[in-house]
Amino acid sequence: KQWYQRRVRGNHTQYPNVKGQILKANDVTELYEALKANKINHYNYVTTGYVGDPSFLETLARTVRDLREKNPSIKYYCDPVMGDNGHFYVPEELLSVYRNTIVPIADVLLPNQFEAEQLSGHTIATEEDGW
């Protein structure tokens, strides 16, 4: 089983035509509370991609921690979609939430080069720099 959030699969603010809305903290809270009320909150993994709101990301982290209480072996796969080619396409305040809240609880991070540089604070000019 999988529980995840994405704005619109394969569509984020880098594209010229963006549809859908940026979910807020209350949106994930309401969804998760319904899952818990229906006793369908036991999952093997969580995946996340584009998140456009810091409060949503903070709430998502609390949700992952709560899911881990129910299933300590749950895996969290995070693609920290923040930008590319040297610029952000999400609010830059998301970076600190990723660094301080998401990175410590993620089992797998899937950043591109720009995102890896932002998260690590290091420039990656060669493959060796990435290690």
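**Two parallel helices and a strand pair**

Modeller: Helices α2 and α3 are roughly parallel to each other. The model is predicted, with local features needing pLDDT of at least 70, side-chain atom pairs 80 or more, and totals for chains, interfaces and linings using all residues. Residues are numbered from 1 along each chain as its sequence is written, and side-chain values use heavy atoms, without hydrogens and water.

Colleague: Why are α2 and α3 called roughly parallel?

Modeller: Helix α2 (residues 54–70) and helix α3 (residues 94–102) pack at about 15°. Angles under 35 degrees count as roughly parallel, so the term applies to α2 and α3.

Colleague: What makes the contact between α2 and α3?

Modeller: Contact means heavy atoms within 4.5 Å. Pro54, Leu57, Glu58, Ala61 and Arg65 of α2 meet Leu94, Val97, Tyr98, Thr101 and Ile102 of α3. By class, the contact of α2 with α3 has 7 nonpolar, 1 polar and 2 charged residues. Glu and Arg count as charged, Ala, Val, Leu, Ile, Tyr and Pro as nonpolar.

Colleague: Which side chains of strand β3 are buried, and which are not?

Modeller: Buried means under 20% relative accessible area (1.4 Å probe, protein chains only). Along β3 (residues 75–78), Tyr76 and Cys78 point to one face and are buried, whereas Lys75 and Tyr77 point to the other and are not.

Colleague: How do you know that β2 and β3 pair?

Modeller: Two strands pair if DSSP finds at least two bridges between them. Strand β2 (residues 45–48) is joined to β3 by 4 bridges, so they pair, and they run parallel. Thr48 stands opposite Cys78 in β3.

Key: Axes are lines fitted to C-alpha atoms, for helices over the stretch in contact, and angles run from 0 to 180 degrees between N-to-C directions. Angles under 35 degrees count as roughly parallel, over 145 as roughly antiparallel, 65 to 115 as roughly perpendicular and the rest as oblique. Buried means under 20% relative accessible area, exposed over 50%, partly exposed in between (1.4 Å probe, protein chains only).
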